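Reader: Hi! Could you walk me through this one? I'd like to start with a strand pairing and then move on to the domains.

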Protein chains: 2
Amino acid sequence: MSRAHRVVIVGGGFGGLCAARALRRAPVEVTLVDRRNHHLFQPLLYQVATGGLSPANIASPLRALLKRQRNARVLLAEVVDLDLEARQLALDGDERLAYDSLVVAAGAGKSYFGRREWQPLAPGLKSLEDATAIRRRLLLAFERAEREADEARRRRLLTFVVIGGGPTGVELAGAMAEVAFRTLPGELRRVRRGEARVILVEAGERLLPAFVPPLSAAAELGLERLGVDVRCGWPVADLSPGRLHLRSAEDGREAVLETANVFWAAGVAPSPLGRRLAEQSGARCDRAGRVIVGPDCSVPGRPEVFVVGDLAHFAHGLAAPLPGLAPVAMQQGRYVARRIRDRLRRRSTPAFRYVDKGAMATIGRSLAVAEIGRFRFAGFFAWLTWLFVHLMYLTEFENRVLVLIQWGWNYVTRNRSARLITEPAADPGAEAAGRTFP
Amino acid sequence: MSRAHRVVIVGGGFGGLCAARALRRAPVEVTLVDRRNHHLFQPLLYQVATGGLSPANIASPLRALLKRQRNARVLLAEVVDLDLEARQLALDGDERLAYDSLVVAAGAGKSYFGRREWQPLAPGLKSLEDATAIRRRLLLAFERAEREADEARRRRLLTFVVIGGGPTGVELAGAMAEVAFRTLPGELRRVRRGEARVILVEAGERLLPAFVPPLSAAAELGLERLGVDVRCGWPVADLSPGRLHLRSAEDGREAVLETANVFWAAGVAPSPLGRRLAEQSGARCDRAGRVIVGPDCSVPGRPEVFVVGDLAHFAHGLAAPLPGLAPVAMQQGRYVARRIRDRLRRRSTPAFRYVDKGAMATIGRSLAVAEIGRFRFAGFFAWLTWLFVHLMYLTEFENRVLVLIQWGWNYVTRNRSARLITEPAADPGAEAAGRTFP
């Protein structure tokens, strides 16, 4: 070949970044395209949302991560369309980007099950902006309650509801319980201990459905010990300002929660790039919108196009498709990099096989549940394992010793120093002085 | 007295926080009112604006800082008006707050010398939102340049202009030069070394006018060594998108800078609360809008009302009024606390006397200028002094060992890990998936 083989990777998450890294020594030109300038360690977003960690603790600039990889460049751009025929991507600003191999690792956003109008009422947790927005709502509710004389209004302000009993919902509810029941009470004067409530609502019959029932039970018990009111079997019927309507999955009776704070951890929606890929390649998508990929993670009929991570539906030789976990994305990313290298060397590559690293979820401070192969355990040891594994991942791409220190510090002092209420507005400080007299 | 003496403090900056702390053991009820939930260490804002530190590194929740002071409470509220006759403040939400003693430490915002229309074109640096907004613009400019094929447009994107040669402008320009000339070049592929320019514009004839001329010269030399293009004697004539018009103070000739990035470090405007105070008390304000206070920092005719910090004009027995520095605010805050205690004990208090701690400014990495009493020095030792003094202040209210570590880390590795582009919009992550196809 005269010029180097051009590999374009869409998405700087676990899958895309691992693919880029694994092409380090390959005779290719790597272009990593992302809408954000940073790789985000999503599993710890809930810590940012509850003031335990700063955004910079769990995010690293993609440029810094790929700085030393001379065959890689980073483009901060939005992929607006793709043309598999012409082997080109259309980026925002009418820029076109040609590729020889394409790796689509665009991940997933939030899903409100078609009820977009719920989104402003129940912020989700997918980006750093989401996390700081949730942090802001959580802390502002307490500030308003501290100024509120009316009992009923104060109660509504101090009722926090997390929707969704998966790992994100469980971790968020647990962390919120700590802020509400341990961190803040000592700092407030009017709000009394026990006035705040944290409620975790799950539509299904148990928390953490991806785990075995005993661990679901352990999670529920752990959350209740932290003071979280867990309600399984209650799908959301409707959501309006200040009111959450639930309908029992069992007997259909209604329950209404008066609350000013609803947070969404219920569903994810794969990037629309998936369906666009399918339209053009004749590949199929599953109901959620994930692209059903071949044994080598490529799109049927398009051997040069790969899909990895949360956007991929991979089920070859498996009872169920692989879950949307970081290890899956990382392994798939490395695999397609190898596949591309092999192809350039005219070598064949065995089909992708996922090495199960197990799954874990924390339940607040010093308690977690873990399923690692045949081993299933809950408790402090599981939490240590969780901490260790997550710090390993965190340090995968960058030295994160500082996070460990800050974490240890917060753990020992029960301090949550990142409890900042910053305004979403572009530049509110600007007329700060002026604002004093509207 | 039957009930405790009520002290209301407006503003949780250096002055207000020191006043609250100094009333720790007094038989009073302290209420600290602030529009923000955090105390901000403003001298290091420029580090956040250039990705060296995280917002949480230089800000602490006011509640956490006053948690153990049982006679103090914190209100997150906006002071919309005051009534000195009735001894009451009007807060947002029609709340009224009565006081027996009032300490106004509302500080200052940004001033565009009456050209408010410049504000969106040239963001200033007063709040955390300002800092993250500037960080965003700085980093986005490089990202756009990396995608820009047109030389001229790229040049405009890579021209960064800081307006104002005071400490903030000097520190900001120096830090931006490091990002532009040291941190980023290795991470960019299309943008070549030397394409970026950092220009510091000052209307007066020299930088750091508050310091002696030799130190101004040292600062200018230091900045030029870092690659900053320093232009003194060039007041801003006009500002339009992409264009900055300067007019020479000397001969009035015009100069136009083609730039997409202008940052404002030129002026501060005391809080409008000052003029409101003056209207009601008959006190006078100086031209800037600072309240001219008596020898005990009280408002003439209102012995129970005090003004401290950037909002106060204190000149008793001095050639010039005290500058708007943290040490002045802190000393005044402690002084009025003592004054209030003494009055409750029917004791008199000698007039306020400022103990000059000197002034300092850093010029990028490992260079600073310092004026401490008769000692004037510039260089690495001044920088170490600056670092030491600032860390002392930083740890005044809270243990900030982490900041020291992160700082040391960044210093050694030349790393700026907090280089995150986060969107100002409330919750952009929300339709992230959706945004892919507008």
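Reader: Which residue in E16(B) does His245(B) stand opposite?

Author: In this predicted model, His245(B) faces Val256(B) in E16(B). The two strands, E15 (residues 243-247) and E16 (residues 254-258) of chain B, run antiparallel and are joined by five bridges.

Reader: Nice. How many residues lie between E15(B) and E16(B) in the hairpin?

Author: Six residues separate the two strands of that hairpin. In the turn, Gly252(B) has a positive phi of about 70 degrees.

Reader: Switching to chain A, what does the domain assignment give?

Author: The assignment splits chain A into domain 1 (5-35 + 77-110 + 269-344) and domain 2 (116-266 + 359-435). Eleven residues from domain 1 of chain A and seven residues from domain 2 of chain A make up the contact. As for spacing, the C-alpha centres of these two domains of chain A are 32 Å apart.

Reader: And what area is buried between domain 1 and domain 2 of chain A?

Author: About 820 Å² is buried between domain 1 of chain A and domain 2 of chain A, with carbon and sulfur atoms giving 66% of that. On the domain 1 side of chain A, the residues that lose the most area to domain 2 of chain A are Arg21(A), Lys110(A) and Met330(A), together 52% of what that side buries.

Reader: Which residue forms a salt bridge with Lys110(A)?

Author: That would be Asp130(A), and the closest N and O atoms of the pair are 2.8 Å apart. Across the interface of domain 1 and domain 2 of chain A, the rule finds one salt bridge. It also finds one residue pair in polar contact across that interface.

Reader: Which elements each supply at least two residues of the domain 1 side in chain A?

Author: Helix H1 (14-22), strand E10 (108-110) and helix H9 (326-344) of chain A do. H1(A) gives the most to that side, with four residues. By class, the domain 1 side of chain A that touches domain 2 of chain A has six nonpolar, one polar and four charged residues.

Reader: Last topic: in what order do the six strands of the open sheet in chain A run?

Author: The order is E5-E2-E1-E9-E21-E20 (chain A), with mixed pairing. Strand E5 (72-76) and strand E20 (298-299) of chain A are the edge strands, each pairing on one side only.

Reader: So which strand is E5(A) joined to by five bridges?

Author: Strand E2 (residues 28-34) of chain A, and the two run parallel. Within that pair, Thr31(A) stands opposite Arg73(A) in E5(A).

Conventions: Residues are numbered from 1 along each chain as its sequence is written. Chains are lettered from A and ligands numbered from 1 in the order in which they are written. This is a predicted model: local features need pLDDT of at least 70, side-chain atom pairs count only at pLDDT 80 or more; totals for chains, interfaces and linings use all residues. Side-chain values use heavy atoms; hydrogens and water are left out. Two strands pair if DSSP finds at least two bridges between them. Domain bounds come from an automatic or database domain assignment. Contact means heavy atoms within 4.5 Å. Buried area is the accessible area (1.4 Å probe) that two parts lose on being put together, summed over both. A salt bridge is a side-chain nitrogen of Lys or Arg within 4 Å of a carboxyl oxygen of Asp or Glu. A polar contact is a pair of N or O atoms within 3.5 Å; within protein, one must be able to donate a hydrogen and the other to accept it, and residues adjacent in sequence count only if both atoms are side-chain atoms. Ala, Val, Leu, Ile, Met, Phe, Trp, Tyr, Cys and Pro count as nonpolar, Asp, Glu, Lys and Arg as charged, and the others, Gly among them, as polar.
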